[in-house]
Amino acid sequence: MRVTRLATAALGGFLLLALAADPVLAQSRNANLINDLNTTLLYAAVPITILVEGILIYTVLKYRNNDEPTPTQENRRLEITWTVATAIVLLFVGFASYQVLAVEVVGDPVPGEDRIEPTVSEDFEGAVGPKETEDNAVELEVQAFTYGWETTYEGTNVTTNNQIRIPTDRPVYLHITSRDWLHMLHQPDLGLKQQAQPGQYNTIKTVAYEEGSHQFYCTEYCGVGHSQMNGEFIVMSGDDYDQWLQEQQQAEQQEGEGGGSGGQQNGTNDQQNSTGGTQNQTGGTQNETAGGSGGQQNGTAGQQNATGAQQNETEA
Ligand SMILES: [Cu+2]
């Protein structure tokens, strides 16, 4: 009876764990690999947990009234069994983890002759460019500072603050560095995490599958503004991304070419605003006038009250 109940509880626990481990959506190749590894390791860990806990509970219950226990002196078969079993488990965990860590989206890209030069703004070491075969790859430079993030897109002058935009289904290389001291970029849904270090680039790679917006943030305590050091990580379709980048570039160019004319337009806006201001002032005058007469009315009311009080006194 007791054993049946225990078995039911163990099975229930296993099912709960299996449900909790179910990955929600395939956001990126990184997240996919990490979640799959997690599930694989869980399938190994749960039976071992049930076995060990089962033996423990069985032993406690069976020998609970044993007042003079004697330790097992020597049991070669038992020792060989648990040594071999442990070795098999460790080999399995090591092999499964290595298969995921060896993939460059998880274990970071490694420099090689088959890669093009990375597009970065500073003369720092550590950046790894895309492979020659990845002709549609996207490179972004992410600079951390106290307290925010600035992203530069593919060697253009286009930058975004506290916002990182990437396209789906293309290899994306993020060259991460810092302008002052240590920070860390983290986006859990996509399985991205890398340190931002001054004087050095750390390159991470991803291939995103789903469009959407996610929050990214700093996960290395860096000062009083650390908790505000977050931003929006936007995954767009390839076409949307190209269009957005083109628009940004055009806006940038227009600003660069006609800085003077842009300034004049702003001046006109300012004039319109000041005209609006005059109208408001006129309105203010009207209000004042109305307020004055209102005040007089109040004054009259006050006089009436005073009169009332006098009447009351008289009656008393
Ligand atoms: Cu921080």
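Select β1 (residues 138-145) and strand β2 (residues 148-153), which pair in the antiparallel sense over 6 bridges. Strands (E, at least two residues) and helices (H or I, at least four) are DSSP runs, numbered from the N terminus. Two strands pair if DSSP finds at least two bridges between them. The two strands form a hairpin, with 2 residues between them. To see one position of this pairing, pick Ala144 and, opposite in β2, Trp149.

This is a predicted model, in which local features need pLDDT of at least 70 and side-chain atom pairs count only at pLDDT 80 or more, while totals for chains, interfaces and linings use all residues. Residues are numbered from 1 along each chain as its sequence is written.

**The other side of β1**

Now add strand β5 (residues 172-178), which runs parallel to β1 and is joined to it by 7 bridges. Glu141 stands opposite His175 in β5. Is β1 enclosed or open? Since 6 of its 8 residues are buried, β1 is largely enclosed by the rest of the structure. A residue is buried if 20 or more other C-beta atoms lie within 10 Å of its own, exposed if 12 or fewer, and partly exposed in between, with C-beta atoms placed from the backbone.

Next select β8 (202-206). β5 and β8 run antiparallel and are joined by 5 bridges; at one position, Leu174 has Ile204 in β8 as its bridge partner. Showing the whole sheet gives 5 strands in the order β3-β2-β1-β5-β8, open and with mixed pairing. Its edge strands, β3 (159-161) and β8, each pair on one side only. Neighbouring strands here are turned by 25° against each other on average, direction ignored. Axes are lines fitted to C-alpha atoms, for helices over the stretch in contact, and angles run from 0 to 180 degrees between N-to-C directions.

**The second sheet**

Select β4, β10, β9, β6 and β7, in that order: this is another open sheet of 5 strands with mixed pairing. β4 and β7 are the edge strands, each pairing on one side only. The average turn between neighbouring strands of this sheet is 20°, direction ignored. Within it, β6 and β9 pair in the antiparallel sense over 2 bridges, and Leu185 stands opposite Cys218 in β9.

Then bring in helix α5 (residues 238-257), which lies across β4 and β10 and runs at about 130° to β4.

**The nonpolar core**

Which residues of the largest nonpolar core touch the most other members? They are Val142, Ile166, Val172, Leu174, Ile176 and Leu185, out of 27 residues in that core. The elements giving two or more residues to this core are β1, β4 (163-167), β5, β6 (183-187), β7, β9 (212-218) and β10 (230-236). β5 gives the most, with 4 residues. A nonpolar core is a set of buried Ala, Val, Leu, Ile, Met, Phe, Trp, Tyr and Cys residues joined through C-beta atoms within 7 Å.

Centre on Leu185: leaving out residues up to four places away in sequence, Leu185 touches Val142, Ala144, Ile176, Leu192, Lys193, Gln194, Ala196 and Phe216. Two residues are in contact if their C-beta atoms, placed from the backbone, lie within 7 Å.

**A loop stop**

Go to Pro130, in the loop between α4 and β1. Pro130 has 24 C-beta neighbours inside 10 Å and therefore counts as buried. Beyond four places in sequence, Pro130 is in contact with Arg115, Ile116, Ala137, Glu139, Pro171 and Tyr173. Its C-alpha atom is separated by 9.4 Å from that of Pro111, 19 residues apart along the chain.

**The helices**

Select helix α2 (residues 29-62): its 34 residues reach 49 Å from first C-alpha to last, close to the 50 Å expected at 1.5 Å a residue. The expected span is 1.5 Å times one less than the number of residues. Arg29, Asn30 and Ala31 are buried in α2, and the buried residues of α2 pack against α4 (104-107), β7 (192-196) and β8.

Helix α3 (residues 76-101) has 26 residues and reaches 37 Å, close to the expected 38 Å. The number of buried residues in α3 is 0, so α3 lies largely in the open.

**The last stretch**

Finally, colour by pLDDT, the predictor's confidence in each residue, from 0 to 100. The protein averages 81, and 76% of the residues score at least 70. Over residues 260-316 pLDDT stays under 50, and the model has 1 contact beyond four places in sequence for them.
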